[in-house]
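Q: I would like to practise reading a fold with you, one feature at a time. Could we begin with strands and how they pair?

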Amino acid sequence: MKCILIFSLILTTFSISAQMTPEQVVQKQLETYNNRDIEGFMSVIDDHVKMVDFTSGKVTLEGSDACRKVYTSLFEASPELHSKILTRTVFDNKVIDHEYITGRKGSEIPIELVLIYEVDQEKITKMTVLRKQ
């Protein structure tokens with residue numbers, strides 16, 4: 001009995017420490033984005049995810065089905081898609097990335113965005129997007 005209790009405690013400790021940090025979740029999202037891997041990308045997206053425009057406060061995307069549709073289309077239209085992180089700040093469950101994106105929908109014009117990712121239980125629940133004016 002004592003052995004079972006110790007083993008259970010070890011397993012619980014391992015599962016707690018095995019959880020991804022918010023930064024690791026966002027890093028996985030970035031890597032799967034750059035590989036245009038929709039399944040990997042969606043594996044860290046919450047079912048009720050929201051994308052919000054910072055300037056207007058408007059919700060521009062809501063739910064994992066809408067997210068899958070948008071990103072599947074983007075990945076298919078962007079064979080050279082790549083996002084490079086210029087800076088990253090981690091603050092509690094939020095990860096703030098200044099991204100430099102190239103190859104979006106075949107365009108040669110790069111895009112710079114700041115994204116604020118909110119992570120809960122290894123899933124991105126909200127993405128707030130700041131665009132250059």
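A: Happily! This is a predicted model, and a good place to begin is a single bridge: in S2, valine 59 is the bridge partner of valine 52.

Q: Which residue of S2 stands opposite lysine 50?

A: Glutamate 62 stands opposite lysine 50. Once you have individual partners, go on to the strand pair: S1 and S2 run antiparallel and are joined by 3 bridges.

Q: How many residues lie between S1 and S2 in their hairpin, and what is notable about glycine 57?

A: For a hairpin, look at the connection and then at its backbone angles. Here 5 residues lie between S1 and S2, and glycine 57, in the turn, has a positive phi of about 80°.

Q: Where does serine 56 sit, and is serine 56 buried or exposed?

A: Serine 56 belongs to the loop between strand S1 (45–53) and strand S2 (59–62). To classify a residue, compare its relative accessibility with the cut-off: exposed means over 50%. Serine 56 has 51%, so it counts as exposed.

Q: What does the side chain of serine 56 reach?

A: The side chain of serine 56 reaches the backbone nitrogen of lysine 58 at 3.1 Å. Sequence distance is worth checking too: serine 56 and leucine 130 are 74 residues apart along the chain, and their C-alpha atoms are separated by 9.9 Å.

Q: In which sense do S1 and strand S6 pair?

A: Their pairing is parallel, over 5 bridges, with S6 covering residues 123–131. One example of a partner in S6 is valine 129, which bridges to aspartate 53.

Q: What is the order of the strands in the sheet?

A: To get the order, follow partners from one edge to the other. The result is an open sheet of 6 strands, S2-S1-S6-S5-S4-S3, with mixed pairing. S2 and strand S3 (82–91) each have a single partner strand and stand at the edges, so one side of each lacks a neighbour in the sheet. From one strand to the next, the twist averages 20°.

Q: Which strands does H2 touch, and which does H4 touch?

A: For helices on a sheet, read the contacts and then the direction. H2 packs on the sheet by touching S3, S4, S5 and S6, and its direction makes about 175° with that of S3. H4 also packs on the sheet, touching S1 and S2, with its direction at about 70° to that of S1.

Q: How many residues are in the largest nonpolar core?

A: That core has 25 residues, and Tyr33, Phe41, Cys67, Tyr71, Phe75 and Ile124 have the most contacts inside it. The elements that give it two or more residues include helix H2 (22–34), helix H3 (38–42), helix H4 (64–77) and strand S5 (111–120). Leaving aside residues up to four places away in sequence, phenylalanine 75 touches Thr32, Tyr33, Arg36, Asp37, Ile38, Phe41 and Leu81.

Q: What pattern does the protein follow along its sequence?

A: Reading the elements in sequence order gives α-α-α-β-β-α-β-β-β-β, with 4 helices and 6 strands in the protein. Of its 133 residues, 32% are buried. The accessible surface comes to about 8700 Å², and 57% of that belongs to carbon and sulfur atoms.

Notes:
Residues are numbered from 1 along each chain as its sequence is written. Side-chain values use heavy atoms; hydrogens and water are left out. Buried means under 20% relative accessible area, exposed over 50%, partly exposed in between (1.4 Å probe, protein chains only). A polar contact is a pair of N or O atoms within 3.5 Å; within protein, one must be able to donate a hydrogen and the other to accept it, and residues adjacent in sequence count only if both atoms are side-chain atoms. Accessible areas come from the Shrake-Rupley method with a 1.4 Å probe; for residues, only the protein chains shown count as cover. Two strands pair if DSSP finds at least two bridges between them. A nonpolar core is a set of buried Ala, Val, Leu, Ile, Met, Phe, Trp, Tyr and Cys residues joined through side-chain atoms within 4.5 Å. Contact means heavy atoms within 4.5 Å. Axes are lines fitted to C-alpha atoms, for helices over the stretch in contact, and angles run from 0 to 180 degrees between N-to-C directions.
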